[in-house]
Amino acid sequence: YYADADNDGFGDPNVSVTDCTVPPGYVTNNTDCDDTDNTVYPGAPELCDGKDNDCDGTIDDGAGTTPYYADADNDGFGDPNVSVTGCTVPPGYVTNNTDCDDTDNTVYPGAPELCDGKDNDCNGIIDDGAGTTTYYQDADGDGFGNAASGVLACTAPIGYVENNNDCDDNDETIYPGAPELCDGKDNDCNGTIDDGAGLIFYRDADSDGFGDPFVTIQACAVPQGYVNNGNDCNDADNTIYPGAPELCDGKDNDCDGNIDGGLNTPVVEGPTNMCPYVGTSQQVVFTVSPLPGVLGYQWTVPPTINIVSGQGTNTITVTILNGFIQNANKQIRVTTTSACGTSPIGIKYLLAQFPSTPAAISGPAEACAYVGSGTAATYSINSVAGASLYNWIASPGITINPHTPGAADTLITVLFAPSFTGGTITVSAANSCGNSSNTRQISIISSSTAVPGLIQGPANACLYMPSAAIPSGTVATYTIRSVNNATSYNWTIPAGASATHPAGLGINDTIVEVNYTNAFTGGNITVSASGICGTGGIRSLTIQANLKPGTIGNITAIETQACLSREITYSITTPANTNWIEWTVPSNAVIVSGQGTNSIVVSYPIASSGVVTATASNGCGSSKPRSLQVNVPACPSGGFVKGSVMMDTESNETLQVRVYPNPSNDVFIILINGMSRKQVTMKIYDVSGRPCLIQNLNPSSSIRVGSNLKPGVYQVEIVQGNSRKIQRLVKL
């Protein structure tokens, strides 16, 4: 029965008693959602009081009659066509219905009229009184307005602009920022006529017709003493200007950077490293740029260089003779002669330089795709400065196709014999001086696909095979690591089993999920890897089906709920190779939860005795059962539970019992105070109902017990005449 504190006929589900008849202030239902308020109960009329009167989970639903109007645009004015009634203003609603457009928060009664093509103030007229921008007439169309001619409007009328900065609205060449022209007008409106207009002119101080590039003036006409070019390299000397005749006066008269023409030091141009040409009769050209005023050129070369032609000119052709490398003199010299004399000597320093080592060879390091196929593979290097040829060498089994030796021989194609398994290709650079100090090499292999690593997964199928507990069985997963160069994997599954490939077939097929049937008796799972070079060796994992569950240890029992709803939890340690624990209990007991696991909860509604058993199993068989003899007495009749103490409602005598400390890790002190003179009997039971201690005591006494009790849950029973007390003891 459930308490009805507010007398509304509906009970509090959280306050109840158990009795034979309905006590005063109690009812048989437990549907009240607030037992402190008699206006709140299932089916009560909903009031505007901020409560859920009818217990349907919604406050004030259906209460109130005041209309409220939707304010969708949040401008404070409601839509007359969308309304609700209620106790209070709902969110998004207002009390008025005067909005003429509830989708636009710039439109409502009294809103400021805007230049937006709308009736903002809801007076029925669009854009009335709007427009605060002044626009100015632009008569000459230059984008600048006349300050003396302006109008107010929402948008600019044709021929009007927003600014009023024009200083002459009748001339499109006159406006702020206009380019200043040589026209006698103030084009840029800055108050000054023709300022900054015209061309740039250069001062000609020496009157040679060429101006100083660093002294300029801008004007509409050429000022006195100025010219229209700035090409003079010395505006203080009228013998110096571009194109002037060169004089022997120590000056650069013609502004070409050379003083007195041929007296400048000539610069020799041509190759520096002579190794590619030594002893080859190949002609080499050296030259100097022609200089104004030069009458002749005199070349000097070492004895290991032969001038073929060009002596006396600015270009000579030579050949490099044997012995050049050993000769210390490796200079080509030249002087020029002119009317002003002989120039300083120009020197070209030559070298006999060996070529550098080539950079890394590019090409396939794995040749299995080419071996015995007749398809050529390509290998290349970047060209090396000073190299006149390259020396390519290949290991046996590699044939270099015909190629042309020389400075451009930086790429070769090769064929691999069917027997090829590995080798190298090397290259060095060479010229007439010798080979590069080192060779460059690439190692090439032709390898078949490797054997996969160990297969990871269960080696015994018993835990995964179908059983009475798990009729469909359990999926077993097997994996390997990916294999280099593999493009697919080849799995085999033994009889009595089947597999799926969750990652699909191909390069990612490194996982299989196996389902075992009852017909499986053992076998091997195998896998190999395939690639462009073939299929590698096989990896195997032996799967057995002979592993039965281990032996079950002792069953432990703990009372987890006392009378009147007594429950006892029975547990074991899960033995090895087990995926199901089958429990049986006495006929008067009920398994509440845990069947199949290592722990069950059993309810004892009445007295019960018998055997609790546990049997471990998997797909291959079962263990021997483990049993525990139990004897659970009936809970006291006619009583009710108060805390953990059983009070007798049929006794007219008063028996007071106090136990402390409880729980305890040592002893319990039991204080007994009986109003009767009858003898008191104390009994302590373990969770199986087996008596651990029976002792007769005086009506009023104190006793220390429990020092010999093992950790667990016990029950102490104190009986005096018709009075009986039961309390749970917890030994830590």
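Strands are DSSP runs of at least two residues marked E, numbered from the N terminus. With that in hand, here are some exercises on this predicted model.

**Exercise 1. Locate proline 549 and decide whether it is buried or exposed.**

Step 1: Find the stretch of chain. Proline 549 is in the loop that runs between β31 (534–543) and β32 (556–561).

Step 2: Apply the cut-off. Buried means under 20% relative accessible area. Proline 549 has 10% relative accessibility, so it counts as buried.

Step 3: Look at the surroundings. Setting aside neighbours within four places in sequence, proline 549 is in contact with several residues, including Ala576, Asn577, Ala616 and Gly621. The C-alpha atoms of proline 549 and glycine 621 are 7.3 Å apart, although 72 residues separate the two along the chain.

**Exercise 2. Work out which strands stand at the edges of the sheet with the order β7-β6-β8.**

Step 1: Read the order. This is an open sheet of 3 strands, and its pairing is antiparallel.

Step 2: Look for strands with a single partner. β7 (150–153) and β8 (160–161) each have just one partner strand, so one side of each has no neighbour in the sheet and both stand at the edges.

Step 3: Check one pairing in detail. Strand β6 (residues 133–137) pairs with β7 in the antiparallel sense over 4 bridges. For threonine 133, the bridge partner in β7 is alanine 153.

**Exercise 3. Classify the ring pair of tyrosine 370 and phenylalanine 416.**

Step 1: Recall what to look at. A pair of aromatic rings is described by the distance of the centres and the angle of the planes.

Step 2: Set the total. The model has 7 aromatic pairs.

Step 3: Use the values. The ring centres of tyrosine 370 and phenylalanine 416 are 6.5 Å apart and the planes stand at 45°, so this pair is tilted.

Step 4: Place the pair. It links distant parts of the chain, 46 residues apart: tyrosine 370 is in the loop between β18 (346–349) and β19 (377–380), and phenylalanine 416 is in strand β22 (residues 411–416).

Step 5: Compare exposure. Tyrosine 370 is partly exposed, at a relative accessible area of 23%, whereas phenylalanine 416 is buried, at 4%.

Step 6: Widen the view. Ring pairs join Tyr370, Phe416 and Phe420 into a cluster.

**Exercise 4. Find which charged end sits over the ring of phenylalanine 324.**

Solution: Lysine 330 is the residue to pick, with its charged end 5.3 Å from the centre of that ring.

**Exercise 5. Describe the salt bridge of aspartate 237 and lysine 251, then look at two others.**

Step 1: Begin with the total, which is 7 salt bridges.

Step 2: Take the distance. The side chains of aspartate 237 and lysine 251 meet at 2.7 Å, N to O.

Step 3: Place the partners. Both aspartate 237 and lysine 251 are in the loop between β11 (226–227) and β12 (284–287), 14 residues apart.

Step 4: Compare exposure. Aspartate 237 is buried, with a relative accessible area of 14%; lysine 251, at 31%, counts as partly exposed.

Step 5: Turn to the others. Arginine 566 and glutamate 559 form a salt bridge at 3.4 Å, N to O, and both of these residues are buried. Aspartate 686 and arginine 690 meet at 3.2 Å, N to O, and aspartate 686 is buried at 15% relative accessibility.

Methods
Residues numbered from 1 in each chain as written. Predicted model: local features only at pLDDT ≥ 70, side-chain atom pairs only at ≥ 80, totals over all residues. Heavy atoms only, no water. Phe/Tyr/Trp six-rings, centres within 6.5 Å; stacked < 30°, edge-to-face > 60°. Buried < 20%, exposed > 50% of the residue type's maximum accessible area, 1.4 Å probe, protein only. Lys NZ or Arg CZ within 6 Å of the ring centre and 35° of its normal. Pairing = 2+ DSSP bridges. Contact = heavy atoms within 4.5 Å. Salt bridge = Lys/Arg side-chain N within 4 Å of Asp/Glu carboxyl O.
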